[in-house]
Amino acid sequence: MKRFFPILAVLTAVLLSYALYQALVAAPTDQLQGDVYRIIYYHVPSAWTAFLFFTINFVASVLYLIRRNLKADAVAVAAAEVGVVFCTVVLITGPLWARPVWGIWWTWDIRLTSTLVLWLIYVSYLILRRFSSGSQTPVLAAALAIFGALDVPLVYFSIWFFRTQHPQPVIGDGGSMDPRMLHVLLLSWAAFLCFGFLVFWSRYRLEVLQRQLEDAQAQESLLEARSS
Amino acid sequence: MNFLYAAYTATWIIHITYLTILVRRYKRLRQKIEQLGKE
């Protein structure tokens with residue numbers, strides 16, 4: 001991965017630039033909303049990417065609880081952090097779209113509220129990881145991650161099961177999106193997915209290095225204690 | 001159009017800020033590893 005990282009980074013930058021051009025220039029303008037609808041090309045892919053990383057966090061947390069695998073724990077931390085970054089983008093771009101289209105920045109609608117709760121759960125997860133240093137921290141964090149993951153399907157399916165102000169799905173059974181718009185949306189998602197995985201890999205490497213350093217420091221202090 | 005540009009700009013500010021934090025953390029870690037190596 002180390003060898004391919006610079007190549008992947010360049011490819012991702014090209015893909016992101018192309019997706020930006022497609023989103024701002026090439027995609028057709030929406031007849032009802034005008035150009036502001038183009039926020040969807042950043043908002044929706046960011047939401048899908050956040051869901052994916054929260055799912056990775058869930059799988060890694062379950063693996064850690066079953067096998068006490070430290071690599072799985074490092075994957076869980078990295079995935080949660082990257083997921084929170086993408087979820088933050090969702091929570092910022094959503095109101096910026098809602099203000100001109102709905103006339104309000106925010107409403108306590110099930111989709112919006114459950115997304116905010118999801119973000120808060122994973123921020124709590126990261127605070128727990130950052131400020132708690134006990135040996136039980138990874139176990140507690142993994143348990144919290146499992147509860148957090150339960151909110152992901154609630155957020156995703158809330159627009160099917162509840163009356164909501166949020167727009168209906170753009171793809172799948174309920175979707176009625178123009179194929180040219182859908183093409184740009186999927187391209188944008190591919191670009192954000194590549195970017196997300198590069199950031200995730202960097203964060204994972206950082207976590208592994210951090211743990212190796214902590215182990216080395218612990219061994220050093222143990223040796224010092226023995227010699228004195 | 002202002003809301004559109006604000007959304008795109010905010011997205012990249014969030015990502016660039018996070019990348020900057022990662023780079024800083026990595027530099028700090030490298031320094032600590034070098035210090036430990038010297039000791």
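**Notebook: A:Ser61, A:Arg68 and the A–B contact**

I began with A:Ser61, which I located in helix 2 of chain A. I am working from a predicted model throughout.

I next asked whether A:Ser61 is buried or exposed. I counted 28 other C-beta atoms within 10 Å of A:Ser61, and because the cut-off for a buried residue is 20 or more, I entered A:Ser61 as buried.

Which residues does A:Ser61 contact once its neighbours within four places in sequence are left aside? I listed A:Ala76, A:Ala142, A:Ala145 and A:Ile146. I also looked up the pair A:Ser61 and A:Val77, which stand 16 residues apart along the chain, and noted that their C-alpha atoms are separated by 9.0 Å.

I then turned to A:Arg68, which I found in the loop between helix 2 (40-67) and helix 3 (70-102) of chain A. I noted for A:Arg68 a positive phi of about 55 degrees, although this residue is not a glycine. I recorded A:Arg68 as exposed, because 12 other C-beta atoms lie within 10 Å of it and the exposed class takes residues with 12 or fewer.

For the pairing of the chains, I noted that 18 residues of chain B are in contact with 22 residues of chain A. On the side of chain B that touches chain A, I sorted the residues into 14 nonpolar, two polar and two charged.

Last, I checked the confidence values: the model scores ipTM 0.93 and pTM 0.92, while chain B has a mean pLDDT of 92, with 100% of its residues reaching 70 or more.

Definitions and conventions
Residues numbered from 1 in each chain as written. Chains lettered and ligands numbered in written order. Predicted model: local features only at pLDDT ≥ 70, side-chain atom pairs only at ≥ 80, totals over all residues. pLDDT = per-residue confidence, 0-100. Contact = placed C-beta atoms within 7 Å. Nonpolar A, V, L, I, M, F, W, Y, C, P; charged D, E, K, R; others polar. Helix = DSSP H or I, 4+ residues; strand = E, 2+ residues; numbered from the N terminus.
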